[in-house]
Amino acid sequence: MCHIFVNIVPFGLCFFSECFGITITSAITQKNIKYLQSLGYDFIFGNEGKLACGDYGLGRMSEPDDIINYLDILFHKTKPLDGIEALVTAGPTQEPIDPVRFISNKSSGIQGYLIAEELVKNGANVSLISGPTNLSTPSNLSNFIKVETAEEMLKVFLKKIPKDLFISVAAVTDWKINYNKHKMKKEEGTPKLKLIDNPDILKSISFHKKRPKLVVGFAAETKHLTQNAIKKIKQKKCDFIIANNVSKSKEVFGGNMNEVAIINTKGIILKLKKMDKKKLAKKIVKEVIVPSLN
Ligand code: CTP
């Protein structure tokens with residue numbers, strides 16, 4: 001284990017940015033972390049990945065960028081989204097078929113998590129409702145709730161409708177299947193699966209009497225990107241749609257790059273060049289969210 005220990009005396013702040021290796025998950029390390037937290041020390045937890053010892057797991061030190069972001073949040077006193085209540089949905093949903101199988105989609109959740117992180121950085125109080133992902137939880141969220149199915153996502157959301165902002169990045173699986181309590185057996189023959197419509201979470205919130213002031217949706221399209229996105233902005237009563245070209249799905253899902261067009265209710269389109277998802281998250285927050293809420 002190694003750590004960077006920073007003690008910023010004039011501000012009365014102490015924190016650790018840790019690189020534990022695989023020992024992060026051990027009971028003794030967890031106990032020590034809790035003890036230090038109880039004394040007021042703060043931690044910038046690391047990420048999952050390949051470790052110096054050759055193992056794979058939690059325990060990599062945070063990227064220097066993330067440490068700087070964290071400090072940025074700590075020291076910038078007034079930020080453009082101070083006091084804003086926001087909710088982001090991210091990741092895929094998984095709809096179970098039986099105890100071992102499910103249907104889902106290729107979403108990694110990266111773009112949604114980066115947007116949530118950027119909103120926090122700009123001062124918003126952010127709740128993130130996420131489907132299953134392998135990502136580490138962004139720092140300083142107000143709420144982080146993991147769900148599996150679309151119905152769970154909607155149920156959690158209805159208890160937490162924010163007053164200001166909803167960004168719907170989740171790739172909600174559009175259909176579920178009648179759940180089989182027992183594992184379906186091959187010897188019973190090829191099953192005929194009946195798809196049942198899932199709720200449209202974005203639409204339910206947009207038409208809700210407690211609709212947040214600003215609602216931003218995404219549109220994942222493989223053809224007619226702008227026409228389909230313009231249709232969606234109307235059908236789902238959004239203020240903006242970020243239209244995402246997913247025809248090269250191998251690049252977008254799980255990758256770091258994204259290419260989008262931003263559409264408003266007048267159909268005005270801002271086509272952005274391909275850029276990394278972090279840069280795009282910054283652009284969406286700075287150029288769409290901040291001006292719309294101020
Ligand atoms: N969405 C949602 N609930 C669903 C389906 C989609 O909240 N059941 C949201 C997504 O988070 C996204 C927007 O609606 O912000 C558009 O999602 P997309 O997958 O592009 O379109 P669909 O509405 O699923 O329609 P289609 O699959 O026919 O393109």
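**Figure 1. The ligand and the residues around it.** In this predicted model, 14 residues surround the ligand. The closest of these are S168, A170, A220, K232 and K236. By residue type, the shell around the ligand divides into eight nonpolar, four charged and two polar residues.

**Figure 2. Polar contacts of the ligand with A170, A220 and K236.** Two of the contacts shown involve the protein backbone: a polar backbone atom of A170 is 2.6 Å from an oxygen atom of the ligand, and a backbone N or O atom of A220 lies 2.8 Å from an oxygen atom of the ligand. With K236, the side chain takes part, as one of its N or O atoms is 2.5 Å from an oxygen atom of the ligand. On its own, the ligand has 570 Å² of accessible area, and the protein covers 76% of this area.

**Figure 3. The ligand pocket and the elements that contribute to the shell.** The ligand takes up the space of the second largest pocket. Helix 5 (201-206) and strand 14 (214-221) are the elements that give two or more residues to the shell around the ligand. Strand 14 gives the most, with four residues.

**Figure 4. S206 in helix 5.** This view centres on S206, a residue of helix 5. Is S206 buried or exposed? S206 has a relative accessible area of 0%, and it counts as buried because this value is under 20%. The side chain of S206 reaches the backbone oxygen of K237, at 3.2 Å.

**Figure 5. N140 in the loop between strand 9 and strand 10.** N140 has its place in the loop that runs between strand 9 (125-130) and strand 10 (143-146). The phi angle of N140 is near 65°, which is a positive value in a residue other than glycine. The relative accessibility of N140 is 42%; N140 therefore counts as partly exposed, the class between under 20% and over 50%.

**Figure 6. H224 in the loop between strand 14 and helix 6.** Strand 14 is followed here into the loop that lies between this strand and helix 6 (225-235), where H224 is found. Which sign does phi of H224 have? Phi of H224 is near 45°, a positive value, and the residue is one other than glycine. At a relative accessibility of 48%, H224 counts as partly exposed, because a residue must be over 50% to count as exposed.

Key. Residues are numbered from 1 along each chain as its sequence is written. This is a predicted model: local features need pLDDT of at least 70, side-chain atom pairs count only at pLDDT 80 or more; totals for chains, interfaces and linings use all residues. Side-chain values use heavy atoms; hydrogens and water are left out. A residue is near a molecule or strand if one of its heavy atoms lies within 4 Å of it. A polar contact is a pair of N or O atoms within 3.5 Å; within protein, one must be able to donate a hydrogen and the other to accept it, and residues adjacent in sequence count only if both atoms are side-chain atoms. Accessible areas come from the Shrake-Rupley method with a 1.4 Å probe; for residues, only the protein chains shown count as cover. On a 1 Å grid over the protein atoms alone, a cavity is a set of points where a 1.4 Å probe fits but cannot get out, and a pocket is an open set with protein on both sides within 12 Å along at least five of seven lines; lining residues have an atom within 4 Å of a point. A molecule sits in a cavity or pocket if more than half of its atoms lie within 2 Å of its grid points. Ala, Val, Leu, Ile, Met, Phe, Trp, Tyr, Cys and Pro count as nonpolar, Asp, Glu, Lys and Arg as charged, and the others, Gly among them, as polar. Buried means under 20% relative accessible area, exposed over 50%, partly exposed in between (1.4 Å probe, protein chains only).
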